[in-house]
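Got the viewer open? Let's walk through this one stop at a time, picking a piece, looking around it, then moving on.

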Amino acid sequence: YGDVTAAGQTARLFTMSLVVLGTASFGIALGVLVTPAIEARFSEVLGRMTRAELELLEGHVVVLGYGDLTEPILNELRDLSTEFVVVTPDREESARLSERELQHVVGDPSDEETLDRVNVDNARAVVAATNDDAQDALAILTARALNPGVRIVAAATDRENVDKLRRAGADTVISPASIGGPLLVPSALGALGVEDTAAQV
């Protein structure tokens with residue numbers, strides 16, 4: 001085509017505007033195409049919920065930890081149609097939660113930034129059940145500092161740590177090991193209705 005030089009000031013301004021607008025249009029189009037992929041990657045790394053969804057959480061239950069101990073809790077919350085979000089540091093557990101379409105984020109349950117992300121300051125309640133009493137204690141301290149009025153329930157893996165978790169700030173501490181004995185012995189002795197009670201627990 002050969003070199004083409006703008007003949008006048010108007011032509012030069014037109015050429016400059018064409019270059020600027022063309023570059024801006026390309027940038028916008030590229031952003032529209034790339035943004036979904038970036039959000040999907042962040043969702044994979046940080047959990048199923050987007051930042052916008054997390055910011056809308058209010059009056060929800062924050063479940064710290066995921067495993068056999070929290071499984072009945074999540075089922076009960078779903079049955080009651082209660083909004084909740086799970087916090088887990090494990091990517092494999094995150095993948096399982098994603099398969100079940102359960103709202104969650106990947107992060108340290110005892111980290112202030114993680115609890116900020118799940119809007120613990122607007123939460124209705126916090127359930128600490130990470131299967132690690134030491135981490136539960138740290139998570140309770142952090143949640144209590146961020147939301148002094150939130151109700152906190154903890155599951156103590158070791159019965160000896162029940163009082164420690166209460167001192168950390170939990171309103172209620174339940175020890176699954178302590179619950180098992182009062183149910184197993186009556187069942188062994190043939191008490192009626194124990195199986196129904198155990199199923200409910």
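Start by selecting helix 4, residues 91–99, and colour E93, S94 and L97: these are the helix's buried residues. Turn the view until you look straight down the axis of helix 4; its buried residues fall within an arc of 105°, so they line one face of the helix. As a rule, an α-helix has 3.6 residues a turn, so residues three or four places apart point the same way. Now spin round to the other side of helix 4, where R91, E92 and E99 are exposed. Keep in mind that you are looking at a predicted model.

What do the buried residues of helix 4 pack against? Show helix 3, strand 2 and strand 3 (104–106), and you have the packing partners.

Before leaving, check both ends. At the start of helix 4, zoom in on D90: one of its side-chain oxygens comes to within 2.7 Å of the backbone nitrogen of E92. Just after helix 4, click on E101, which has a positive phi of about 60°.

**Next stop: strand 1**

Select residues 61–64, which make up strand 1. Are its faces covered or open? Both are covered: V61 and V63 are buried on one side, and V62 and L64 are buried on the other. That split fits a general pattern, since in a regular strand the side chains alternate between the two faces of the sheet.

Strand 1 has a neighbour in strand 2 (residues 84–88); the two run parallel and are joined by four bridges. To find one of the pairings, pick L64 and look across to V87, its bridge partner in strand 2. Then trace the chain: it leaves strand 1, passes through helix 3 (residues 71–79) and arrives at strand 2, in a right-handed β-α-β crossover.

Strand 1 also pairs with strand 4, again parallel and through four bridges. Here, select V63 and its bridge partner in strand 4, V127.

**Across to strands 4, 5 and 6**

Carry on from strand 4 (residues 125–128) to strand 5 (residues 151–155): they run parallel, with four bridges between them. Which residue of strand 5 stands opposite A125? Look for R151. The chain gets from strand 4 to strand 5 by way of helix 6 (residues 133–146), and this β-α-β crossover is right-handed.

Strand 6 (residues 172–174) comes next, parallel to strand 5 and joined to it by three bridges. Pick V153 and you can jump to T172, its bridge partner in strand 6. Follow the chain from strand 5 through helix 7 (residues 162–168) to strand 6 and you trace a β-α-β crossover that is right-handed.

**Into the loop after strand 4**

Go back to the loop between strand 4 and helix 6 and select T130. Is T130 buried or exposed? With a relative accessible area of 15%, T130 is buried, because the cut-off for that is under 20%. Show its side chain and look for two polar contacts. The T130 side chain reaches the backbone oxygen of D132 at 3.1 Å, and a 2.8 Å polar contact links it to the side chain of D136. Leaving aside residues up to four places away in sequence, T130 touches L64, G65, P109, Q135 and D136. You have already met L64, as a buried residue of strand 1.

In this loop between strand 4 and helix 6 you also find N131. Its phi is positive, about 70°, although N131 is not a glycine. N131 counts as partly exposed, at 42% relative accessibility.

For another asparagine with a positive phi, select N119, in the loop between helix 5 (112–117) and strand 4. Phi of N119 is near 55°. This asparagine is buried, with a relative accessible area of 12%.

**Zoom out**

Finish with the whole protein chain in view: nine helices and six strands. Of its 201 residues, 33% count as buried. The accessible surface comes to about 12500 Å², and 57% of that belongs to carbon and sulfur atoms. Finally, take the contacts with a separation of 6 or more: residues 24 or more positions apart account for 54% of them.

Technical notes. Residues numbered from 1 in each chain as written. Predicted model: local features only at pLDDT ≥ 70, side-chain atom pairs only at ≥ 80, totals over all residues. Heavy atoms only, no water. Pairing = 2+ DSSP bridges. Right-handed = clockwise from strand over helix to strand, strands pointing away. Buried < 20%, exposed > 50% of the residue type's maximum accessible area, 1.4 Å probe, protein only. Arc of directions from axis to C-beta. Contact = heavy atoms within 4.5 Å. Polar contact = N/O pair within 3.5 Å; in protein donor to acceptor, adjacent residues only side chain to side chain. Areas by Shrake-Rupley, 256 points an atom, 1.4 Å probe, with all protein chains shown as cover.
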